[in-house]
Amino acid sequence: MCGAKAGGPDLAGVDVASETIIQGSVTRDGEPVSGYVRLLDGGGEFTAEVPTSATGQFRFFAAPGTWTLRALVPGATVDRTVVAQQGTAAEVAIAV
C-alpha cells in the first residue's frame with residue numbers, strides 16, 4: 001500500500017454541511033490508479049467527469065440522490081452506485 005491517504009481528498013476548507021459531496025479513490029491491488037471517474041445520474045445519463053489525482057482520488061459536488069460512479073482506467077471499467085446526502089461526504093473506494 002502506498003502512503004496516500006485512504007478515501008477522498010481532504011475536506012479542509014469545504015463547508016460540508018451545505019454541500020453534497022461524493023468522493024473517494026480508485027486503486028488496483030492497493031495502489032492508486034490514474035484514469036477518470038464519471039458521474040451518471042439515476043437514469044444513467046452522463047453528468048460530469050473528473051480525472052483521478054496522482055493518489056487516485058476524485059471528488060464531485062452533486063445534488064442529493066442516487067448516482068453511479070464509473071471508473072475508467074487502463075484495462076478496466078468499474079461502476080459503483082452511491083447515495084449522496086447533503087451534509088455528509090459519501091466516500092467511495094473503487095478497486096479495479
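## Strands and the model

Strands are DSSP runs of at least two residues, numbered from the N terminus. F58 lies in one of them, strand β5. Keep in mind that this is a predicted model.

## The open sheet

Four strands build an open sheet. Their order is β4-β3-β6-β7, and they pair in the antiparallel sense. Strand β4 and strand β7 (76-84) stand at the edges. Each has a single partner strand, so one side of each lacks a neighbour in the sheet. On average, neighbouring strands here are turned by 20° against each other, direction ignored.

Now look at one pair in this sheet. Strands β3 and β4 are antiparallel partners over five bridges. One residue to find is L40, whose bridge partner in β4 is F46.

## Two salt bridges

How many salt bridges does the structure hold? There are two. One joins E49 and R38, with the closest N and O atoms 2.5 Å apart. E49 sits in strand β4 (residues 46-51) and R38 in strand β3 (residues 36-40), so the salt bridge ties together parts that are 11 residues apart in sequence. Both ends are partly exposed: E49 has a relative accessible area of 35%, and R38 has 30%.

R70 and D79 form a salt bridge too. Their side chains meet at 2.7 Å, N to O. R70 is partly exposed, at 27% relative accessibility. D79 is also partly exposed, at 37%.

## The nonpolar core

In soluble globular proteins, nonpolar side chains tend to be buried together. Here the largest nonpolar core has 19 residues. Which of them touch the most other members? They are I22, V26, F58, L69 and I94. Six strands give two or more residues each to this core: β1 (21-28), β3, β5 (57-61), β6 (65-73), β7 and β8 (89-95).

V26 is a good residue to trace. Leave out residues up to four places away in sequence, and V26 touches E31, P32, V33, V37, T52, G56, F58, A71, V73, I94 and V96.

## F58 up close

Is F58 buried or exposed? Its relative accessible area is 2%. Buried means under 20%, so F58 counts as buried. Setting aside neighbours within four places in sequence, F58 is in contact with several residues, among them P9, I22, V26, V37, V50, L69, V92 and I94. G87 is another residue to locate from here. The C-alpha atoms of F58 and G87 are separated by 18 Å, and the two residues are 29 apart along the chain.

F58 also takes part in the structure's one aromatic pair. Its partner is F60. The ring centres are 6.2 Å apart, and the planes meet at 55°, which makes the pair tilted. Both residues are buried.

## An unusual backbone angle

Most residues other than glycine have a negative phi. D29 has a positive phi of about 55°, although it is not a glycine. Where is D29 found? It is in the loop between β1 and β2 (31-32). D29 counts as exposed, at 75% relative accessibility.

Definitions and conventions:
Residues numbered from 1 in each chain as written. Predicted model: local features only at pLDDT ≥ 70, side-chain atom pairs only at ≥ 80, totals over all residues. Heavy atoms only, no water. Salt bridge = Lys/Arg side-chain N within 4 Å of Asp/Glu carboxyl O. Buried < 20%, exposed > 50% of the residue type's maximum accessible area, 1.4 Å probe, protein only. Pairing = 2+ DSSP bridges. Axes fitted to C-alpha atoms, helices over the stretch in contact; angles between N-to-C directions. Core = buried A, V, L, I, M, F, W, Y, C linked by side-chain atoms within 4.5 Å. Contact = heavy atoms within 4.5 Å. Phe/Tyr/Trp six-rings, centres within 6.5 Å; stacked < 30°, edge-to-face > 60°.
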